[in-house]
Amino acid sequence: MRRRASLVLLSFAVLFAALAPVLRWYAFPRLAKIPPSQYQEMVLEARPATLLQYDTMQAERVEKVTIVQTLKGNVEESERIERHAGRDVVVWDSLSYVQGPDGKTVSQIPERYIFDAHTQAPVHATGESVDGDPVRREGIEFKWPFLTEKRDYAYFDAQTRTSAPIHYKGTRTFRGLEVYYFEQTVPWTKVPYPKKMPMPGIDATTLEKQTGTTRWYTTKRMFWVEPVTGAPVNGEEIHTEELRGGSLLGGRDKVTAFSGHVRMREDYVDHTVALVSSNRTLVLLLVSHLPWTFLTLGAGLLALSLLLEARSRRPGGEAAAERREPEPAGV
């Protein structure tokens with residue numbers, strides 16, 4: 001019986017030992033993915049801010065500017081691209097919608113962001129765009145990879161349509177979570193006008209050509225990223241836009257179009273932290289908790305199997321008893 005039990009325990013030890021690397025290196029890349037149908041909304045505010053009044057072309061100090069960002073998974077487009085890409089792909093149709101203190105639209109910029117569901121690496125396909133203009137992204141945008149590393153990443157900037165390093169600046173604690181802090185500064189760069197602006201009768205796509213007035217932009221971008229999920233739990237920007245030269249400014253060299261310290265609204269920070277915390281537990285099950293549990297369990301079962309085997313082979317033990325000749329029957 002001891003030998004049979006030893007063999008059974010040895011079988012389970014091998015099974016659990018094999019499951020550990022399978023979970024980490026096979027199941028994790030296939031199960032830890034961004035769902036193609038994901039929808040999320042984020043509200044950010046700059047309090048106070050400087051905002052250009054386009055009816056007077058004067059910059060004014062205002063109580064707040066609100067930026068609403070939405071990300072909506074496009075399942076139909078994901079499935080279409082997957083047929084050619086040969087991997088799981090997510091297509092996010094996003095919209096950054098800027099409102100003044102009166103609730104009126106200042107600008108809105110749509111994007112289509114196409115990326116690998118597990119690695120978050122960009123996937124180049126027809127439809128990849130910013131404000132209707134085709135782009136070819138390099139690096140990440142919106143989300144870091146699962147198991148984020150302590151290093152710099154290439155980050156795509158939608159205003160400039162270019163990528164630049166976003167720098168790892170250290171490990172911090174945010175709302176009880178250990179996070180990696182990243183920072184990127186985009187220097188003053190000439191950028192296109194948003195196609196939708198509060199300028200009745202003026203075509204934003206030809207505004208620069210018609211007036212000679214150019215749009216410039218700089219920002220300091222900050223993210224607090226939970227490294228297991230790669231999800232930012234907080235984001236801020238110190239953001240400035242200017243219009244420079246041309247007939248639109250009536251002889252002035254430049255005017256501030258927008259300036260402010262943009263922060264996530266508190267209720268959205270709380271919601272994001274709670275969501276990321278729950279997803280973090282699920283990812284850790286695949287990459288750490290279950291593999292180590294299975295390895296420990298496999299080692300324990302192996303030790304118990306060897307112990308039973310050793311006991312069955314001791315003199316006077318079960319193995320010896322099986323080999324012993326039967327005593328002759330008494331007369």
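This is a short tour of the structure, one selection at a time.

What you have open is a predicted model, where local features need pLDDT of at least 70, side-chain atom pairs count only at pLDDT 80 or more, and totals for chains, interfaces and linings use all residues. Residues are numbered from 1 along each chain as its sequence is written, and side-chain values use heavy atoms, with hydrogens and water left out.

**Stop 1: helix α2**

Select residues 75-85, which make up helix α2. Helices here are DSSP runs of H or I with at least four residues, strands are E runs of at least two, and both are numbered from the N terminus. Colour Glu77, Ser78 and Ile81: these are buried, meaning under 20% relative accessible area, while exposed is over 50% and partly exposed lies in between (1.4 Å probe, protein chains only). They span an arc of only 100° around the axis, so they sit on the same side of α2; the arc is taken from the directions from the helix axis to the C-beta atoms. As a reminder, an α-helix has 3.6 residues a turn, so residues three or four places apart point the same way.

Now flip the view. Glu76 and Arg83 are exposed on the other side of α2. Going back to the buried residues of α2, add β4 (89-99) and β5 (105-116) to the selection, as these are what they pack against. Just past the end of α2, click on Gly86, which takes a positive phi of about 75°.

**Stop 2: strand β1**

Next, select residues 39-53, strand β1, and look for Pro48. The peptide bond between Arg47 and Pro48 is cis, with omega about -15°. Stay in β1 and pick Gln53, which is partly exposed because its relative accessibility is 23%. Setting aside neighbours within four places in sequence, Gln53 is in contact with Gln58, Glu60 and Val62 (contact means heavy atoms within 4.5 Å). Try a C-alpha to C-alpha distance from Gln53 to Val106: 9.4 Å in space, for 53 residues in sequence.

**Stop 3: two backbone oddities**

Most residues other than glycine have a negative phi, and most peptide bonds are trans. Phe142 is not a glycine, yet its phi is positive, about 75°; find it in the loop between β7 (133-134) and β8 (153-157). Then jump to the loop between β9 (162-174) and β10 (177-191), where Arg175 sits. Arg175, also not a glycine, has a positive phi of about 50°, and its relative accessibility of 42% makes it partly exposed.

**Stop 4: Glu236**

Select strand β12, residues 231-244, and centre on Glu236. Is Glu236 buried or exposed? Its relative accessible area is 16%, so it is buried. Show side chains and you'll find a polar contact of 2.8 Å between Glu236 and His261. A polar contact is a pair of N or O atoms within 3.5 Å; within protein, one must be able to donate a hydrogen and the other to accept it, and residues adjacent in sequence count only if both atoms are side-chain atoms. Beyond its neighbours within four places in sequence, the contacts of Glu236 include Lys220, Trp224 and Arg263.

**Stop 5: helices α1 and α4**

Finally, bring up α1 (2-31) and α4 (266-312), each of which gives at least two residues to a nonpolar patch. Show the side chain of Leu7 in helix α1; with 53% relative accessibility, Leu7 is exposed.
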